[in-house]
Amino acid sequence: MNGGTIIRLNKVLDNRGNLSVIEENKDVPFSIKRAYWIYDVPGGEDRGGHAYLMNKEFIVALSGSFDVLLDNGKEKEIFHLNRSYYGLLVENGIWRKMSNFSTNSLAFIVSSENYDPSDYIRDYETFLIKTGHAYGR
Ligand code: TYD
């Protein structure tokens, strides 16, 4: 699907435990301005359900698993994240919803922009209009 790409991160194997890393403009194709994480999600709750005008992000399941539904206004795809060395690159202008969080799951997200409430599109119809797909359904 255009707008969502799984990226495999380097995994440095070691008897003492594994290590993975995200470097800006190398492992992810943007400069990292922000990192945040989502945890202690009660069973059955969803997160997200919005798009960003400018912000790109890279989502990793550092622990446990969850699904990320991406929707570019035309196609939808569900990505199941459950490895700490794989991440999902989400372009700007993509609707995304996170669901099916397992117990003790930890979603780690690095973003290309600082937090800005005016960068959010929270209404799905507005999203379809902005992506030019409102009338083609
Ligand atoms: P929101 O992005 O709406 O969460 P989700 O999309 O996962 O449902 O953010 C939830 C709250 O957290 C909202 O009040 C804004 C705040 N927040 C920040 O202050 N900084 C941030 O970087 C993010 C992502 C959220």
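Guide: Two strands pair if DSSP finds at least two bridges between them. The model discussed here is predicted, and S1 and strand S9, residues 86-90, pair within it in the antiparallel sense.

Visitor: How many bridges link S1 and strand S9?
Guide: Pairing requires at least two bridges. S1 and strand S9 satisfy this condition in the antiparallel sense, and their number of bridges is five.

Visitor: Which residue in S9 stands opposite Arg-8?
Guide: S1 spans residues 4-8, and S9 spans residues 86-90. The residue of S9 that stands opposite Arg-8 is Tyr-86.

Visitor: In what order do the strands of the sheet that holds S1 follow one another?
Guide: This sheet is open, is made of five strands and has antiparallel pairing. The order of its strands is S1-S9-S6-S11-S4.

Visitor: Which strands are the edge strands of that sheet, and what does the twist average from one strand to the next?
Guide: The order S1-S9-S6-S11-S4 describes an open sheet. The edge strands S1 and S4 each pair on one side only. From one strand to the next, the twist averages 25°.

Visitor: Is strand S11 largely enclosed or open, and how many of its residues are buried?
Guide: A residue counts as buried when its relative accessible area is under 20%. Strand S11 has six residues, 106-111, and it is largely enclosed by the rest of the structure because the number of them that are buried is five.

Visitor: Which residues of S11 stand opposite Trp-37 and Ile-59?
Guide: S4 and S11 run antiparallel and are joined by six bridges. Strand S6, residues 57-63, also pairs with S11 in the antiparallel sense, over six bridges. Opposite Trp-37 in S11 stands Phe-108, and the bridge partner of Ile-59 is Ile-109.

Visitor: Is Glu-57 buried or exposed?
Guide: Glu-57 belongs to strand S6, and its side chain is joined to that of Tyr-36 by a polar contact of 3.2 Å. Its relative accessible area is 1%, so Glu-57 is buried.

Visitor: Which strands stand at the edges of the other open sheet, the one that holds S7?
Guide: Five strands form this sheet with antiparallel pairing, in the order S8-S7-S10-S5-S12. Two strands each have a single partner strand, so one side of each is left without a neighbour in the sheet: these are strand S8 (76-81) and strand S12 (120-121).

Visitor: What is the bridge partner of Asp-67 in S8?
Guide: Strand S7, residues 66-71, and S8 run antiparallel and are joined by six bridges. In S8, the partner of Asp-67 is His-80.

Visitor: Which polar contacts does the ligand make with His-50 and Tyr-120, and how much of its area does the protein bury?
Guide: An oxygen atom of the ligand lies 2.6 Å from an N or O atom in the side chain of His-50. A polar side-chain atom of Tyr-120 is also 2.6 Å from an oxygen atom of the ligand. The ligand taken alone exposes 520 Å², and the protein buries 62% of that.

Visitor: How is the shell around the ligand divided by class?
Guide: The residues around the ligand include Arg-34, Tyr-36, Arg-47 and Gly-48. Gly-48 has a polar backbone atom 3.2 Å from an oxygen atom of the ligand. By class, the shell holds four nonpolar, two polar and three charged residues.

Visitor: Is Asp-40 buried or exposed?
Guide: Asp-40 is found in the loop between S4 and S5. Although not a glycine, Asp-40 has a positive phi of about 55°. Residues over 50% relative accessible area count as exposed. With a relative accessibility of 65%, Asp-40 is therefore exposed.

Visitor: What is the relative accessible area of Asn-100?
Guide: Asn-100 sits in the loop between strand S10 (95-99) and S11. Its phi is positive, near 55°, in a residue other than glycine. Asn-100 is exposed, with a relative accessible area of 54%.

Visitor: What distance separates the C-alpha atoms of Tyr-85 and Ala-35?
Guide: Tyr-85 has its place in the loop between S8 and S9. Its relative accessible area is 14%, so Tyr-85 is buried. Tyr-85 and Ala-35 are 50 residues apart along the chain, and their C-alpha atoms are separated by 17 Å.

Methods. Residues numbered from 1 in each chain as written. Predicted model: local features only at pLDDT ≥ 70, side-chain atom pairs only at ≥ 80, totals over all residues. Heavy atoms only, no water. Near = heavy atom within 4 Å. Polar contact = N/O pair within 3.5 Å; in protein donor to acceptor, adjacent residues only side chain to side chain. Areas by Shrake-Rupley, 256 points an atom, 1.4 Å probe, with all protein chains shown as cover. Nonpolar A, V, L, I, M, F, W, Y, C, P; charged D, E, K, R; others polar. Helix = DSSP H or I, 4+ residues; strand = E, 2+ residues; numbered from the N terminus. Axes fitted to C-alpha atoms, helices over the stretch in contact; angles between N-to-C directions. Buried < 20%, exposed > 50% of the residue type's maximum accessible area, 1.4 Å probe, protein only.
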